[in-house]
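Reader: I should like to learn how to read the architecture of a model of this kind. Where should one begin?

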Amino acid sequence: MAEGSSTGLARLDGKVALITGASSGIGAGTATMFSKLGALVAITGRNAENLQKTADECEKLGNKKPFCVVGDVCIEEDVKRIVDSSVKHYGRLDILVNSAGIVELGSIETTSLEQFDTLMNTNVNNAGIGEPGSIETTSLEQFDRTFNTNVRFGSKAGPGEQCQFLERTKFTHALGRPGQVDEVSATIAFLASDNASFITGAQIPIDGGRHAMCPR
Ligand SMILES: NC(=O)c1ccc[n+]([C@@H]2O[C@H](COP(=O)([O-])OP(=O)(O)OC[C@H]3O[C@@H](n4cnc5c(N)ncnc54)[C@H](OP(=O)(O)O)[C@@H]3O)[C@@H](O)[C@H]2O)c1
């Protein structure tokens with residue numbers, strides 16, 4: 001989506017969203033898109049400098065300063081601090097976008113248990129963020145909407161491997177190309193909006209049709 005063009009998405013005015021992994025990639029893109037659509041955002045990640053870059057972009061597009069909190073989603077005390085300080089700042093939370101995640105190198109045959117544990121702790125457990133018990137405030141009974149980006153093992157690609165990956169997407173993805181961050185965050189924004197009021201518990205592939213392919 002071109003910057004400055006209308007997103008064509010429903011507004012998120014007044015909604016309060018906590019976005020993890022907001023210092024990079026999909027989380028950063030979602031934070032800026034939500035800000036553009038009028039949401040109030042609390043953003044978190046470990047890299048303070050990158051988080052600030054996202055915050056500046058959010059403020060530029062949404063005219064509101066996001067609430068920034070640096071922390072590690074694998075550390076229980078950090079998760080508690082992230083959630084509690086965000087609720088304290090905005091008075092409530094409506095939406096959780098859990099985009100903090102890592103990709104680990106390897107296949108089922110070559111991945112170590114340590115790698116598996118690290119990936120699951122980061123991408124799935126998140127020290128229980130958004131689960132009952134991680135939130136002890138009476139201002140919040142339940143998030144209206146929660147989203148998790150995918151869990152996967154893959155390769156940490158160098159430049160040559162990236163070219164190979166791009167070439168392969170012509171066969172692995174039905175649309176013949178990899179996705180852009182905006183194509184993921186636009187789906188998250190739709191699901192967070194009132195237009196998706198009858199969608200719940202759904203798992204939606206945002207993968208250019210890759211899940212429907214069987215390439216050799
Ligand atoms: N991009 C894709 O093609 C794709 C496809 C399918 C699924 N996914 C999944 O979607 C998620 C996000 O992908 P992405 O492309 O946006 O990745 P990315 O650009 O590498 O961003 C990952 C984000 O997660 C944060 N993070 C990682 N470990 C963390 C930890 N322990 N505590 C707090 N924050 C942590 C990073 O923050 P810091 O750098 O500040 O630590 C960063 O903001 C990942 O789980 C990925 O596997 C991505």
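Author: The discussion below passes from the overall fold to the strands, the helices, a loop residue and the ligand shell. Please bear in mind throughout that this is a predicted model.

Reader: How many helices and strands does the protein contain, and in what pattern do they follow one another?

Author: An inventory of elements is a useful start. The protein has six helices and seven strands. Along the sequence they are arranged as β-α-β-α-β-α-β-β-α-β-β-α-α. Of the 216 residues, 30% are buried. Contacts add a view of how the chain is brought together: among those between residues at least 6 apart in sequence, 70% link residues at least 24 apart.

Reader: Is β2 enclosed or open?

Author: For a strand, one counts its buried residues and then asks which way the side chains point. All six residues of β2 are buried, so the strand is largely enclosed by the rest of the structure. Leu40, Ala42 and Thr44 point to one side, Val41, Ile43 and Gly45 point to the other, and every one of them is buried.

Reader: Which strands pair with β2, and in what sense?

Author: Pairing is read from the bridges and from the relative direction of the strands. On one hand, β1 (residues 16-20) pairs with β2 in the parallel sense through four bridges; Ala17 has Val41 of β2 as its bridge partner. The connection from β1 to β2 passes through α1, and this β-α-β crossover is right-handed. On the other hand, β2 (residues 40-45) is joined to β3 (residues 67-70) by four bridges, again in parallel, with Thr44 opposite Val69 of β3. Together with helix α2 (residues 48-62), β2 and β3 form a right-handed β-α-β unit.

Reader: What should one compare in order to judge the span of a helix such as α5?

Author: The expected span is set against the distance between the end C-alpha atoms. For the 14 residues of α5 (residues 159-172), a rise of 1.5 Å a residue predicts 20 Å, and the end C-alpha atoms lie 19 Å apart, which agrees. None of the residues of α5 is buried, so this helix lies largely in the open. By contrast, a straight helix of 13 residues would span 18 Å, whereas α4 spans only 16 Å between its end C-alpha atoms. Just after α4, Asn126 adopts a positive phi of about 45°.

Reader: Is Ile129 buried or exposed?

Author: Burial can be assessed by counting neighbouring C-beta atoms, with 20 or more within 10 Å as the cut-off. Ile129 has 23 others within 10 Å and is therefore buried. This residue sits in the loop between α4 and β6 (145-148). Its C-alpha atom is 6.2 Å from that of Val79, although the two residues are 50 apart in sequence.

Reader: Which residues and elements surround the ligand?

Author: One lists the shell, then its sources, then its chemistry. The shell consists of 23 residues, the closest being Gly21, Gly25, Gly45, Arg46 and Gly101. Both α1 (25-36) and α4 (113-125) supply at least two residues, and the largest share, three residues, comes from α1. By class, the shell holds six nonpolar, 14 polar and three charged residues.

Methods:
Residues numbered from 1 in each chain as written. Predicted model: local features only at pLDDT ≥ 70, side-chain atom pairs only at ≥ 80, totals over all residues. Near = placed C-beta within 6 Å. Nonpolar A, V, L, I, M, F, W, Y, C, P; charged D, E, K, R; others polar. Expected span 1.5 Å × (residues − 1). Pairing = 2+ DSSP bridges. Right-handed = clockwise from strand over helix to strand, strands pointing away. Buried ≥ 20, exposed ≤ 12 C-beta atoms within 10 Å, placed from the backbone. Contact = placed C-beta atoms within 7 Å.
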